[in-house]
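Hi everyone, thanks for coming. Let me put a structure up on the screen, and then we'll walk through it together.

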Amino acid sequence: MCGRYTITIPLDELIILYLIEKATTANYKPSYNVAPMQYVPAVVAGNNGNRLGELRWGLVPSWSKDPKIGSKIINARAETLTEKPAFNRLLLSRRCIVPADGFYEWKQDSGTKQPYRIVLRDESVFSFAGLYDIWADEDGNKLATCTIITTEPNSLMADIHNRMPVILRKEDEAEWLARDNHDESTLLRLLRPFNADKMRAYPVSATVGNVRNNSEELIKSII
């Protein structure tokens, strides 16, 4: 699964990286410990270019009766997207990118769990493949939420965990976001493990496990 990540660059850099035409992220600030049920920056394709906004992490399907379900849908398995009613229609109509520059995973080792931060070797920003939906209550108040897609682990992640988030290749980002792309098989082919040779992992402090902790100390290697 993917349950914590980091996005530590300034807003203006995000806008440049994703060729943003419109940004509605007034509350954005860099975070060293992004957690489910928080509002996160996300990129979607608009009519006139990419848009950067905020989605709450934890998908609430538009047809759901209880928005609390979001805490249980922070991830979506790539292998079963077309089988799940919460995801199958979103794959063709409501795709997004969740920018990150690292994510955390916990490795089970001799009865203890050691957190690792996983980054690209060049430490650049990368794109999680995501889905989003918009839920409304009886009064018409809207809630926009998202989920991060996961897949089987690559050789680096296999030693840490049995799942990993889908990281899109740079050359696939536009295809994933394209509003006119309704080819299910093409979209599913993009949801594969990222090249392990372009990634690295290092152990970090167990204090990352507390969502209240959010400082640069969390991303420092402990070895």
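I'll talk about one strand residue, then the nonpolar cores, then some salt bridges. Please keep in mind that this is a predicted model.

Let's begin with Thr6. You'll find Thr6 in strand β1, which covers residues 4-7. Is Thr6 buried or exposed? Thr6 has a relative accessible area of 0%, so it counts as buried. Its side chain makes a polar contact of 2.6 Å with the side chain of Asp101. Setting aside residues up to four places away in sequence, Thr6 also touches several others, among them Ser31, Tyr32, Val34, Arg117 and Ile219.

Now for the cores. The largest nonpolar core has 57 residues. Which of them touch the most other members? Those are Tyr5, Phe103, Phe128, Ile149 and Trp176. Take Trp176 as an example: beyond its neighbours within four places in sequence, its contacts include Leu91, Cys96, Ile97, Ala129, Leu131, Ile149, Leu168 and Leu187. There is also a second, separate core of eight residues, and Val119, Val204, Val208 and Ile219 are among its members. You may remember Ile219 from the list of residues that Thr6 touches.

On to charges. In general, side chains of opposite charge can pair when their charged atoms come close. In this model the count is 11 salt bridges, and I've picked three to show you.

The first pairs Arg163 with Glu79, at 2.9 Å from N to O. Arg163 sits in the loop between β11 and β12, while Glu79 sits in the loop between β6 and α2, so this pair ties together parts that are 84 residues apart in sequence. Arg163 is buried, at 9% relative accessibility, whereas Glu79 is partly exposed, at 40%.

Next up are Arg89 and Asp133, whose side chains meet in a salt bridge of 2.3 Å, N to O. Here too distant parts of the chain are linked: Arg89 belongs to helix α2 and Asp133 to strand β10, 44 residues apart. Arg89 is partly exposed, with a relative accessible area of 31%, and Asp133 is buried, at 0%.

My last example is Arg169 with Asp172, where the closest N and O atoms are 2.9 Å apart. Arg169 is partly exposed, at 33%, and Asp172 is buried, at 6%. This pair has company, too: salt bridges with shared partners join Arg169, Glu171, Asp172 and Arg192 into one network.

That's my tour. Thanks for listening!

How values were computed:
Residues numbered from 1 in each chain as written. Predicted model: local features only at pLDDT ≥ 70, side-chain atom pairs only at ≥ 80, totals over all residues. Heavy atoms only, no water. Helix = DSSP H or I, 4+ residues; strand = E, 2+ residues; numbered from the N terminus. Buried < 20%, exposed > 50% of the residue type's maximum accessible area, 1.4 Å probe, protein only. Polar contact = N/O pair within 3.5 Å; in protein donor to acceptor, adjacent residues only side chain to side chain. Contact = heavy atoms within 4.5 Å. Core = buried A, V, L, I, M, F, W, Y, C linked by side-chain atoms within 4.5 Å. Salt bridge = Lys/Arg side-chain N within 4 Å of Asp/Glu carboxyl O.
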